[in-house]
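Let's take a walk through this one together. Have the sequence and the 3D view open as you read.

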Amino acid sequence: MTSFNVIRWIVWKDFVTELRSRETISSMVFFALIVILIFSFSFSMDQQAAREVIAGIMWVAFAFTGIIGLGKSFSTELQNDCLEALQMVPEAKGAIYLGKVAANFAFMFVVEILLFPMFVILFNLEVVEEISLLLLIFLLATVGLSAIGTLFSALTVQIRAREVMLPILLLPLVVPVMIAAVEATKGALNGDPLALYGQWLELLAVYDVVFTVVSFWMFELVMDS
Amino acid sequence: MIACHAIGKSYGHFQVLHDVNLSIAEGECFALFGPNGAGKTTLLNILATLQRPSTGYYEILGMHGLKDKDTIRANLVFLAHGTHLYDELNAKENLAFALALRGHRPTDRDVKQVLDRVAIGAFADMKIRHFSAGMKKRLALAKAMLAKPNVLLLDEPFTALDTAGTEILRAYVRERLSENGTVLLSTHDHDKTRPIASRAGILRQGTLQEVAVEGLKSDDLV
């Protein structure tokens, strides 16, 4: 019960802080808009060509945008040495990890939902029939990114070059998520039968479970080191 | 009760603490003096479970500092250099958040009382980004008051506090001592510390030497 309260209060604190400062989501949206606009002006393509490459462009934009949010997740705790207070919480640190994962997931998912219509408009996509599947792919991939990203955000927060180290350490580990998300999104946008790309959704689900559990246990070591 | 057994701490080849032995009983306030870089904050960080000693060990309330960290953390408050407060939250929200992480749920009446006690009740709904350093220090003190810890660690607690704030802090330390609490504070301010300290020590180049509180002169502290 106490652990659940810790999760709830961490999520509440991150939401309230973000609603008042609007630092994380605004910088994520602004960065992603620039990426989308650059890609849309760089490639002139018909709808068929767009369906082939748009999944990759979309997940590159989402991943780099997510890294901005993940980097801020723990760097805000350096203000007034609040990280020390989190280290001194007399509860298993896994509750703090889950609270941070939930908040990071929410920020990333909201940004993805806000940005997706931009892709649809700028790349002239027809997605009405696949929208529920696309949301499922976004959800599974974003859980994976936030699960491992939250751990590495905590790991790199006290490093001087954390803005550089976070993507360098994180991106190789999220390659399976990126590949699975791109392949599944491509399949959904092409209107392929689910059987053709269902294995990528399974891979995303397995990755989410494995890396959430591993990161949950490792977080205590990271916070105590 | 705090007991340090031959605590040493080094960063690479640089030895910060050398075999620090210290025992502070319940109801005692130990004042730790020493020049900048003497190792005062390092010792407090170790006792607050934020750092591990390189050698030796410590006990707090009879519990091993390296084995029973969570129990120790539940019974200890550390007022550090940083105030551990979130600038975007107001005073009441900061208190509610900090206490909730310790498993406490103070009532609105408790929060109001404690904010009035540290004389910032009028600013309860103000984001603390607008607070002065002294007001933040008072709010951090309010957090400690609500937590009612058995062990209180204070790192240069008088910094940024005005005369009234200093007296509020000293009254709180006396209250903890009267309830058999244990207090360890590091400071450079002998005059402000003397009224509350039961014992004192000077940390020089990582070595602790106990001295009499009454006979301590400002010249001894540099």
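**An exposed histidine and a buried helix**

Start with B:H81, which is exposed: 12 other C-beta atoms lie within 10 Å of its own, and a residue counts as exposed at 12 or fewer. Keep in mind that this is a predicted model. You'll find B:H81 in the loop between β6 (76–79) and α3 of chain B. Leaving aside residues up to four places away in sequence, B:H81 touches A:D81, B:D155 and B:E156. As for B:Q51, 30 residues away along the chain, its C-alpha atom is separated from that of B:H81 by 15 Å.

Now follow the chain into helix α3 of chain B, residues 91–101. Why call this helix largely enclosed by the rest of the structure? Nine of its eleven residues are buried, so that description fits. Among them are B:F97, B:L95 and B:L101, along with B:E93 and B:N94. The cover over the buried residues of α3(B) comes from both chains: it includes α1 (2–21) and α4 (82–87) of chain A, plus α4 (108–117) and α5 (133–147) of chain B. Just past the end of α3(B), B:G103 has a positive phi of about 85°.

That brings us to where the chains meet. Here 19 residues of chain A are in contact with 23 residues of chain B. On the chain A side, the elements giving two or more residues are α1 and α4, and α1(A) gives the most, with nine. Sort that side of chain A by class and you get eight nonpolar, seven polar and four charged residues.

Key
Residues numbered from 1 in each chain as written. Chains lettered and ligands numbered in written order. Predicted model: local features only at pLDDT ≥ 70, side-chain atom pairs only at ≥ 80, totals over all residues. Buried ≥ 20, exposed ≤ 12 C-beta atoms within 10 Å, placed from the backbone. Helix = DSSP H or I, 4+ residues; strand = E, 2+ residues; numbered from the N terminus. Contact = placed C-beta atoms within 7 Å. Nonpolar A, V, L, I, M, F, W, Y, C, P; charged D, E, K, R; others polar.
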